[in-house]
Amino acid sequence: MSRLARTALAAAGLLVFLGIWEALPRLGLLNQVLVPPPSAILAALAREVTSGVWLQAVASSLSHYAIGLAVGAGLGVLLGIWAGMSVAFESATAWIVRIVRPIPGLAWVPFAIIWFGVQPAAAVFIIAIGVFWIVFFATQGAIRGVDRDLVEVARAFGFRSAFARLVKIMLPAATPGIMVGLRTALGQAWMAVVAAEIFGVPGVGQRMMQASSLLATDIVLVYMLTMAALYGLIDTVFVAAQNWLLRWRA
Amino acid sequence: MSGSPDLPVIEIRGLGLAYERDGRTTPVLSGLDLAIRRGEFVAIVGESGVGKSTLLRVLIGLARPSAGSVTLNPGTRAPAQTRLPPMALVFQDSRLLPWRRVLSNVTFGLEWSGVSRAERPRRAIAMLDLVGLGELARRWPHQLSGGQRQRVSLARALAVEPDVLLMDEPFSALDSFTRESLQDELLRIRAATSRTILFVTHDIDEAVYLADRVVVLTGRPAGIGAEISLDAPQPRRRRDPALAEAARQLRLELSQRSAEL
């Protein structure tokens, strides 16, 4: 099948889906409150945007997302490098990791609220924990997998210190593996955003809970689709950055 | 440059190396003596696994000898002027850093040294021109052929202007056509730069075609066995009967030694 035909078919499929979705509640076959039609979502989006609520919710969610991601990924890369380069550190932490790692990120919610209150810091904490483990293991594996032959090149040309080895060889060689971890973490972090905010930290998740308690299902859908769009956008930008950063690969 | 042409640029005395594994000691090199004069091209031949590469690894500092000494510029007491490493190694596989462009692979060895940031690319370009790849400075390593990669690796080693250029079977992974053209290229570069070269190979014909002197590394643990000087002036003919005779003697030497084991 040609590329054009595939695109046309995909567009047609989406239109049929939206058409059926629009028709069922409008024809009275489904309750409009339980299943709001797409046109109602557009109207709800317009209302949310003009009242300024949408922008505020998105901005605070994005700030939780960005800070949580930065903290979790930063610590994950740092400790992942350490565990990847030092057998002693890896051994010393092996059992701690084995106990703490299987705890689901959302199981930390009670402590997040006890420690930080229903505050942005609690959301950041939940997001950072989920991101941390993904990035930590990706980094550790990537560092461990660095071709020893390349490390030898650095030694042969005079780079003897561990720091020089890290900067000149280990980090650039491990970048592809670390990027894979980061990309997984980008998706994981959105889940954590919703979960953390559902408990009341201001943002998209909290707005969804408010709307659902008022049975404003059209607004709930506005924010569901908003998150899908934001994730899609962020992932696209990340992949573009990744391709540029890794343009040295065949 | 210090020292007269007659003095060795490097003197290896009583060199020994043993691997320790599971409480067992396996000697690899023992009582190895070798002196190389400035500007000389010495080839080391020997069976695979005899310790040829290990010797180069000791010289470049990747392996620690358990006995003996390696002296650079013996007899001179010139203090080190720069931090430039006195030796550079061309590996069997080019081992370019894939995330660096060709130019920056060549500057790599200069980054540790005292060479200024502005001077590095200039020197790297000059070396790339010398190996005939000046045009490809902006390429990534994966865009090069095997022969081109090995040329870049040679340029990287030459850029540090080593007292001794170490080469570890640098052409053995290439097809025979590329190999012969790189051999001739190496001879041309050597004539242009008068570098001292220590060249490890298992290819006896390659050794006698390139070198002023061929030494046999043999025994377990290995030391220097026979050695043959080749007086034929460069450029040489590959089918030169004198070279063929030298190769025959070296083969004989190698087969006798291995029969004794």
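## Exercises on a predicted two-chain model

**Exercise 1. In which sense do strands S6 and S7 of chain B pair, and over how many bridges?**
In this predicted model, strand S6 of chain B covers residues 164–168 and strand S7 of chain B covers residues 196–201. The two pair in the parallel sense, over five bridges. One position to inspect: Asp168(B) stands opposite Val200(B) in S7(B).

**Exercise 2. Place this pair in its sheet, and find the edge strands.**
Step 1: write the strand order. Six strands of chain B run S5-S6-S7-S3-S8-S9 in an open sheet, with mixed pairing.
Step 2: look for strands that pair on one side only. These are S5 (87–90) and S9 (223–229) of chain B.
Step 3: check the twist. Neighbouring strands of the sheet are turned by 20 degrees against each other on average, direction ignored.

**Exercise 3. Why is chain A described as more spread out than a compact globule?**
Step 1: take the secondary structure. Chain A has ten helices and zero strands.
Step 2: compare radii. The globule rule gives 18 Å for 250 residues; chain A has a radius of gyration of 23 Å, well over that value, so chain A is more spread out than a compact globule.
Step 3: add the box. The C-alpha atoms of chain A fill roughly 75 × 55 × 30 Å along the principal axes.
Step 4: add burial. Of the 250 residues in chain A, 31% are buried.

**Exercise 4. Describe the contact between the chains.**
Step 1: count. Twelve residues of chain A are in contact with 14 residues of chain B.
Step 2: classify the chain B side. It has ten nonpolar, three polar and one charged residues.

Methods. Residues numbered from 1 in each chain as written. Chains lettered and ligands numbered in written order. Predicted model: local features only at pLDDT ≥ 70, side-chain atom pairs only at ≥ 80, totals over all residues. Pairing = 2+ DSSP bridges. Helix = DSSP H or I, 4+ residues; strand = E, 2+ residues; numbered from the N terminus. Axes fitted to C-alpha atoms, helices over the stretch in contact; angles between N-to-C directions. Contact = placed C-beta atoms within 7 Å. Nonpolar A, V, L, I, M, F, W, Y, C, P; charged D, E, K, R; others polar. Rg over C-alpha atoms; globule rule 2.2 N^0.38 Å. Buried ≥ 20, exposed ≤ 12 C-beta atoms within 10 Å, placed from the backbone.
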